[in-house]
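Notebook open, structure loaded. I wanted to look up the charged pairs first and the enclosed spaces after that.

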Amino acid sequence: MAEMTTDSLVAALRDAFGPALRAVVVYGAAAGDEPVAPADVHTLVLVDSLPLEALESAGAHIEAWVRGGGHPAPLVLTMAEWRSSVDVFPLEYADILDQHRALHGALPADGIEVDPEDLRLAVEREAMATLLQLRRGVLATGGDAERRVELLVASFPAFLTVFRGAVRVHGVRPSADAAGTCAELAFRTGVDVSPFVRVLEHRRGRQRITPGEVHAVLDGYLTSLERLVAHLDQVRPSPRAS
């Protein structure tokens, strides 16, 4: 199961949930044409109901998907929850509605809209949470340059999610390309995205971050995130943000 694919994930979910499985979709950057890292493959699972027995049956397969494959855990909702939770998960819903690909069934999107202010608040909250998590990570690395590079690389997907949401707060659809999203964020907010672009280059294998660079890149990460949080606290969202 360590090499679980989206096809094998769907097959496992069919076995676990049976006819109650209504839809499985991949969303965000992974729904586009460009290859993405396993950590960027976000999935949504919709079912009629979630009895404990079905959850237990699906658990081993989802654990293989997450731990063995390095993917984020799926967002698993009942159909009723999907219809009523757009205000709870506006950041995720915005990503899903904007770009998704059905692996099983179809996404019931009619009548579902993301409120711009709900989105702004969620993006601000998520930006602050990622900033706090980054600070904890810096403390845990103990100044080790290699571990700090690993921290920068591992944290990038969470920051990219925040960036896409922040761009949407300004009423703009984010680019399917990570570098394009970073550029749009810089244009809309004035935040320096060069540290994130540097990490993106490292992740793509184009130019590795050297031990001598780590301090400056990490300092830029922290400073830019602080400025983005402050920006999101003050900006008024566009009514077209969703």
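I count a salt bridge when a side-chain nitrogen of Lys or Arg sits within 4 Å of a carboxyl oxygen of Asp or Glu. Note to self: this is a predicted model.

**Entry 1, the network.** With that cut-off in hand, I found Asp95, Asp98, Arg164, Arg168 and Arg173 linked in a network of salt bridges. Over the structure, the rule gives me 14 salt bridges.

**Entry 2, one pair from the network.** I looked up Asp98 with Arg168 and got 2.9 Å from N to O. Asp98 is in helix α4 (residues 90-98) and Arg168 in helix α6 (residues 145-169), so this pair joins distant parts of the chain, 70 residues apart. Buried or exposed, what is Arg168? Its relative accessibility is 4%, so I put Arg168 down as buried. Asp98, at 24%, goes down as partly exposed.

**Entry 3, Asp48 and Arg22.** Here the closest N and O atoms of the salt bridge are 2.7 Å apart. Arg22 belongs to strand β1 (residues 21-27), while Asp48 is in the loop between β2 (42-47) and α2 (52-68), so the bridge ties together parts 26 residues apart in sequence. I noted a relative accessible area of 40% for Asp48, partly exposed. Arg22 also comes out partly exposed, at 40%.

**Entry 4, a pair inside one helix.** Arg198 and Glu201 form a salt bridge with the closest N and O atoms 3.8 Å apart. Both lie in helix α8 (residues 194-203), three residues apart, about one turn of the helix. Arg198 is buried at 10% relative accessibility, whereas Glu201 is partly exposed at 27%.

**Entry 5, the largest cavity.** How many cavities of 30 Å³ or more does the structure hold? I got two. The largest has a volume of about 70 Å³. Its lining has 14 residues, with Ala29, Gln99, Arg164, Ser175 and Ala176 nearest the centre. Arg164 is also one of the network residues from Entry 1. I see α4, α6 and α7 (178-189) each supplying at least two lining residues, and α6 has the largest share, three. By type, I logged five nonpolar, four polar and five charged.

**Entry 6, the second largest cavity.** The volume is about 60 Å³. Gly28, Ala29, Asp40, His42, Pro157, Leu160, Thr161 and Arg164 line this one. Again α6 gives the most, here four residues. The lining splits into three nonpolar, three polar and two charged.

Methods
Residues numbered from 1 in each chain as written. Predicted model: local features only at pLDDT ≥ 70, side-chain atom pairs only at ≥ 80, totals over all residues. Heavy atoms only, no water. Buried < 20%, exposed > 50% of the residue type's maximum accessible area, 1.4 Å probe, protein only. 1 Å grid on protein atoms, 1.4 Å probe; cavity = no way out; pocket = protein on both sides within 12 Å on 5 of 7 lines; lining within 4 Å. Points joined across faces, edges and corners; volume = space filled by probe spheres on them. Nonpolar A, V, L, I, M, F, W, Y, C, P; charged D, E, K, R; others polar.
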